[in-house]
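Open the model in a viewer and keep the sequence panel visible. The stops below are meant to be selected one after another.

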Amino acid sequence: YATLATIFSDTLGLKTISLDDCFFELGGSSFLAVQLLLDIEAQCKIRISIDSLFGASTIRKLGDLIREPDRHDDYFKLVLPIRARGTLPPLWCIHPGSGICWPYSILSRFIDSERPIFALQSPSLAVGATPIPTLADMCHVYADIISKADTEGSVHLLGWSFGARIARDLAHALETKGISVLSLSLLDD
């Protein structure tokens with residue numbers, strides 16, 4: 001853990017970090033996450049995916065993950081867990097036109113720590129993936145994914161740029177599946 005603690009501290013510009021402090025809640029951004037992972041790879045000779053960091057964003061959790069022999073590296077998996085646990089209805093963030101959701105990682109600093117945050121990245125990012133042909137098809141696929149998650153019947157949606165259009169149509173698809181959309185936030189730049 002000591003090496004990871006030094007890398008976390010150096011990346012964030014902090015003198016001390018506890019084993020259970022969240023990288024993103026201490027000021028980590030998607031840019032700093034990439035830097036952190038590059039430094040871990042250089043110093044520890046181990047490659048960790050960015051989605052693994054979202055799921056294990058403390059020194060303790062990341063250290064435990066490194067010790068697991070069966071971990072996988074998938075930078076572009078469809079569901080990106082930014083904060084996987086919490087007692088409040090989850091926030092689902094929908095990818096912009098680029099398909100990548102890493103910029104949403106900053107939300108963990110500003111949203112109640114009891115609210116799980118997940119992001120849906122474009123399925124076309126995966127190696128060998130077949131793109132989803134229409135927006136309606138995309139919304140049905142995403143609605144199925146969200147409805148199979150442990151949502152307890154209600155979610156919040158956030159879409160950015162092209163993701164705002166998807167989120168708007170996804171809200172309707174979720175409602176037809178019996179999932180209540182508590183809020184729909186649409187962002188554009």
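The tour goes from the sheet to its helices, then to the N-terminal helix, the aromatic pairs and the salt bridges.

Before selecting anything, note that this is a predicted model, in which local features need pLDDT of at least 70 and side-chain atom pairs count only at pLDDT 80 or more, while totals for chains, interfaces and linings use all residues. Residues are numbered from 1 along each chain as its sequence is written, and side-chain values use heavy atoms, with hydrogens and water left out.

**The sheet**

Show the cartoon and select the strands. Helices (H or I, at least four residues) and strands (E, at least two) are DSSP runs, numbered from the N terminus. Five strands form an open sheet in the order β1-β3-β2-β4-β5, and the pairing is mixed. Two strands count as paired if DSSP finds at least two bridges between them. Which strands stand at the edges? They are β1 (79-83) and β5, each with a single partner strand, so one side of each has no neighbour in the sheet. On average, neighbouring strands are turned by 20° against each other, direction ignored.

Next, select β4 (residues 154-160) together with β5. The two run parallel and are joined by seven bridges. For one position to inspect, pick V155: its bridge partner in β5 is V181.

**Helices on the sheet**

Add α5 to the selection. This helix lies across β1, β2 (91-94), β3 (117-120) and β4, and runs at about 155° to β3. Then add α6, which packs on the sheet and touches β2, β4 and β5; its direction makes about 160° with that of β4. Contact here means heavy atoms within 4.5 Å. Axes are lines fitted to C-alpha atoms, for helices over the stretch in contact, and angles run from 0 to 180 degrees between N-to-C directions.

**Helix α1**

Move to α1 and show side chains. Its buried residues are L4, A5, I7, F8, S9, T11 and L12. Buried means under 20% relative accessible area, exposed over 50%, and partly exposed in between (1.4 Å probe, protein chains only). What do the buried residues of α1 pack against? They pack against α2 and α4. Just after the helix, select G13, which follows α1 and has a positive phi, near 70°.

**Aromatic pairs**

A search of the whole structure finds four aromatic pairs. Rings of Phe, Tyr and Trp (its six-membered ring) pair if their centres lie within 6.5 Å; planes under 30 degrees apart count as stacked, over 60 as edge-to-face and the rest as tilted.

Select F23 and F24. Their ring centres are 5.1 Å apart and their planes stand at 85°, so this pair is edge-to-face. Both F23 and F24 are buried. Add F8 from α1 to the view: F8, F23 and F24 form one aromatic cluster.

Then go to Y104 and W160, another edge-to-face pair, with 6.1 Å centre to centre and 75° between the planes. Y104 is in the loop between β2 and β3 and W160 is in strand β4, so the pair ties together parts 56 residues apart in sequence. Y104 is buried at 4% relative accessibility, whereas W160 is partly exposed at 24%.

**Salt bridges**

A salt bridge is a side-chain nitrogen of Lys or Arg within 4 Å of a carboxyl oxygen of Asp or Glu. How many are there by this rule? The count is five.

Select D20 and R60, whose closest N and O atoms are 2.8 Å apart. D20 sits in the loop between α1 (2-12) and α2 (30-44), and R60 in helix α4 (residues 59-67), 40 residues apart. Both are partly exposed, D20 at 48% relative accessibility and R60 at 33%.

Next, select D144 and K177, a salt bridge with 2.7 Å between the closest N and O atoms. D144 belongs to helix α5 (residues 135-148) and K177 to the loop between α6 (162-176) and β5 (180-187), so parts 33 residues apart in sequence are tied together. D144 is partly exposed at 31%, as is K177 at 41%.

Finish on α6 with D169 and R165, whose side chains meet in a salt bridge at 3.6 Å, N to O. The two residues are four apart in the helix, about one turn. D169 is partly exposed at 24% and R165 at 42%. Add R168 to complete the selection: salt bridges that share partners join R165, R168 and D169 into one network.
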